[in-house]
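Here is a walk through one small question: how do the pieces of this chain sit against each other? Have a look at the sequence and the model first.

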Amino acid sequence: MSFLEGIWFTLAILIIAIILIVDPKNNVSGLSNNPLLGSFSSPSSKQNFVYNLAAIFIASFFLLTLTISYNS
């Protein structure tokens, strides 16, 4: 297994872990317990960080997949 494939595999595991750990319905920053209003509330800064980190991992995974496929 090459170095790029090792990074690719690690990114895949990290993306799966983030998806399994983060619960998008667990949003405590809503103004009330009304389920309709709770769905429109914005995520907290920690949730934004995790979402941005997941987006970076997914983009890196995609680019690394393209790089590995072109180098093979």
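What follows goes from the overall layout to the helix pair, then the core, and then a few single residues.

## The overall layout

This is a predicted model, so read everything below with that in mind. The protein chain has three helices and zero strands, and from the N terminus on its elements simply run α-α-α.

Not much of the chain is tucked away by the numbers: of its 72 residues, 14% count as buried. How much of the contact set with a separation of 6 or more comes from residues 24 or more positions apart? The share is 68%.

## Helix α3

α3 runs over 45-71 and has 27 residues. From its first C-alpha to its last it reaches 38 Å, close to the 39 Å expected at 1.5 Å a residue.

Which residues of α3 are buried? They are Q47, A54, F57, L64 and I68. What covers them includes α1, the helix that spans 3-21. As a rule of thumb, an α-helix has 3.6 residues a turn, so residues three or four places apart point the same way.

## How α1 and α3 pack

Two packed helices are described by the angle between their axes and the distance between the axes. Here, the axes of α1 and α3 come within 9 Å and cross at roughly 150°. Angles over 145 degrees count as roughly antiparallel, so that is the label for α1 relative to α3. As for handedness, α1 passes α3 in a left-handed crossing.

The contact list for this pair is a long read. On the α1 side there are L4, E5, I7, W8, L11, A12, L14, I15 and I18. Facing them on α3 are V50, L53, A54, F57, I58, S60, F61, L64, T65, T67, I68 and N71.

## The nonpolar core

Which residues make up the largest nonpolar core? There are seven: L11, I15, I18, A54, F57, L64 and I68. Both α1 and α3 supply at least two residues of this core, with the largest share, four residues, coming from α3.

The core members from α3 also turn up elsewhere in the picture: A54, F57, L64 and I68 are among the buried residues of that helix, and these four also meet α1 in the helix pair. In general, nonpolar side chains in soluble globular proteins tend to be buried together.

## A closer look at L11

L11 sits in helix α1. Is L11 buried or exposed? Its relative accessibility is 10%, and the cut-off for buried is under 20%, so L11 counts as buried.

Leaving aside its neighbours within four places in sequence, L11 is in contact with F57, S60, F61 and L64. Two of these partners, F57 and L64, belong to the largest nonpolar core along with L11. For a sense of the backbone spacing here, L11 and I58 are 47 residues apart in sequence, yet their C-alpha atoms are 8.0 Å apart in space.

## Exposed spots and the N-terminal end

Helix α3 has its open positions too. L63 lies in α3 and is exposed, with a relative accessible area of 53%. Its C-alpha is 9.7 Å from that of W8, although L63 and W8 are 55 residues apart in sequence.

I56 is another residue of helix α3, and with a relative accessible area of 52% it is exposed. The cut-off for exposed is over 50%. Between I56 and I15 there are 9.8 Å, C-alpha to C-alpha, for a pair 41 residues apart in sequence.

Where does S2 lie? S2 is in the segment before α1. It is partly exposed, at a relative accessible area of 39%. The C-alpha atoms of S2 and I68 are separated by 9.7 Å, with their positions 66 residues apart along the chain.

Conventions
Residues numbered from 1 in each chain as written. Predicted model: local features only at pLDDT ≥ 70, side-chain atom pairs only at ≥ 80, totals over all residues. Heavy atoms only, no water. Core = buried A, V, L, I, M, F, W, Y, C linked by side-chain atoms within 4.5 Å. Buried < 20%, exposed > 50% of the residue type's maximum accessible area, 1.4 Å probe, protein only. Contact = heavy atoms within 4.5 Å. Expected span 1.5 Å × (residues − 1). Axes fitted to C-alpha atoms, helices over the stretch in contact; angles between N-to-C directions. Parallel < 35°, antiparallel > 145°, perpendicular 65-115°, else oblique. Left-handed = near helix turned anticlockwise from the far one by under 90°.
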